[in-house]
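Subject: Structure for your files

Hello,

Here is the structure we discussed, followed by notes on what turned up in it. Please read the notes with the model open beside them.

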Amino acid sequence: MVKGRLFWRLYCPYLLVILLCVLGSGAAAFQVIEGVYLRRMAADLEARARLIERQVAEGFSDRRREDLDDLADMLGRAIATRITIIRADGEVLADSEKDPSTMENHRDRPEVQTALAGGVGVKRRHSATLHIDMMYVAVPLREDGRVVAVVRTALPLSEINRALGGIYGR
């Protein structure tokens, strides 16, 4: 009887410690996987934005808004990505999802501010236009060495969450 009680007194705490270690390790591993996946998604969106930026840059000053919007629509469908072209003052010139004339000024968007300063803006946030959570990546469009516009690409976080759900077994 004493041996049985001693066994359970030792077994339960050790089992609890082992379970906590396994759960903690699993949670840490999932966070690492999520971080890697989100960084990869941001890099992919940046590559898409860079390719689009090269196409938009050709004769940018001479292009009509309708042509830019048609280009954004066509490229957005081709690569299944939301594309927005924003002038340096924040005015939306083209968008693959919405009519740019109905959209508010985007100068205050964090990813746009970073791109206007010459960097690459990456942000996960709620879209005021589409009313869903998105990942945005914005790159500067330069003309004669100065930033004249921003090319922004975006994907819904629901797609990212779906892919991560496959990893997590959800």
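A definition comes first: two strands count as paired if DSSP finds at least two bridges between them. In general, strands of a sheet pair through backbone hydrogen bonds, either parallel or antiparallel. Please keep in mind that this is a predicted model.

With that in hand, in E2 the bridge partner of Ile86 is Val92. Thr84 stands opposite Asp95, also in E2. Strand E1, residues 82-87, pairs with E2 in the antiparallel sense, over three bridges. E1 and E2 make a hairpin that has four residues between the strands. In its turn, Gly90 has a positive phi of about 100 degrees.

The sheet as a whole is open and has five strands, in the order E2-E1-E5-E4-E3, with antiparallel pairing. Why do E2 and E3 each have one side without a neighbour in the sheet? Strand E2 (92-95) and strand E3 (121-126) stand at the edges and each has a single partner strand, so one side of each is left free of a neighbour. From one strand to the next, the twist averages 25 degrees.

At the E3 edge, the partner is strand E4 (residues 133-143), and the two pair in the antiparallel sense over six bridges. Lys123 stands opposite Tyr136 in E4. E3 and E4 also form a hairpin, with six residues between the strands. There, His131 takes a positive phi near 60 degrees.

Now the helices. Helix H2 (residues 65-79) lies across E1 and E2 and runs at about 35 degrees to E2. Helix H1 spans residues 2-57 and contains both Glu46 and Arg50, which are four residues apart, about one turn of the helix. The side chains of Glu46 and Arg50 meet in a salt bridge, at 3.3 Å from N to O. The structure holds twelve salt bridges.

Last, empty space inside the protein. How many cavities of 30 Å³ or more does a search of the whole structure find? The search finds one, and the largest cavity has a volume of about 30 Å³. Its lining consists of Arg82, His106, Arg109, Arg125, Ser127, Ala128, Thr129, Tyr136 and Arg152. By class, that lining has two nonpolar, three polar and four charged residues. Tyr136 is thus named twice in these notes: as one of the lining residues, and as the residue in E4 opposite Lys123.

Regards

Methods:
Residues are numbered from 1 along each chain as its sequence is written. This is a predicted model: local features need pLDDT of at least 70, side-chain atom pairs count only at pLDDT 80 or more; totals for chains, interfaces and linings use all residues. Side-chain values use heavy atoms; hydrogens and water are left out. Axes are lines fitted to C-alpha atoms, for helices over the stretch in contact, and angles run from 0 to 180 degrees between N-to-C directions. Contact means heavy atoms within 4.5 Å. On a 1 Å grid over the protein atoms alone, a cavity is a set of points where a 1.4 Å probe fits but cannot get out, and a pocket is an open set with protein on both sides within 12 Å along at least five of seven lines; lining residues have an atom within 4 Å of a point. Grid points are joined across faces, edges and corners, and a volume is the space filled by probe spheres set on the points. Ala, Val, Leu, Ile, Met, Phe, Trp, Tyr, Cys and Pro count as nonpolar, Asp, Glu, Lys and Arg as charged, and the others, Gly among them, as polar. A salt bridge is a side-chain nitrogen of Lys or Arg within 4 Å of a carboxyl oxygen of Asp or Glu.
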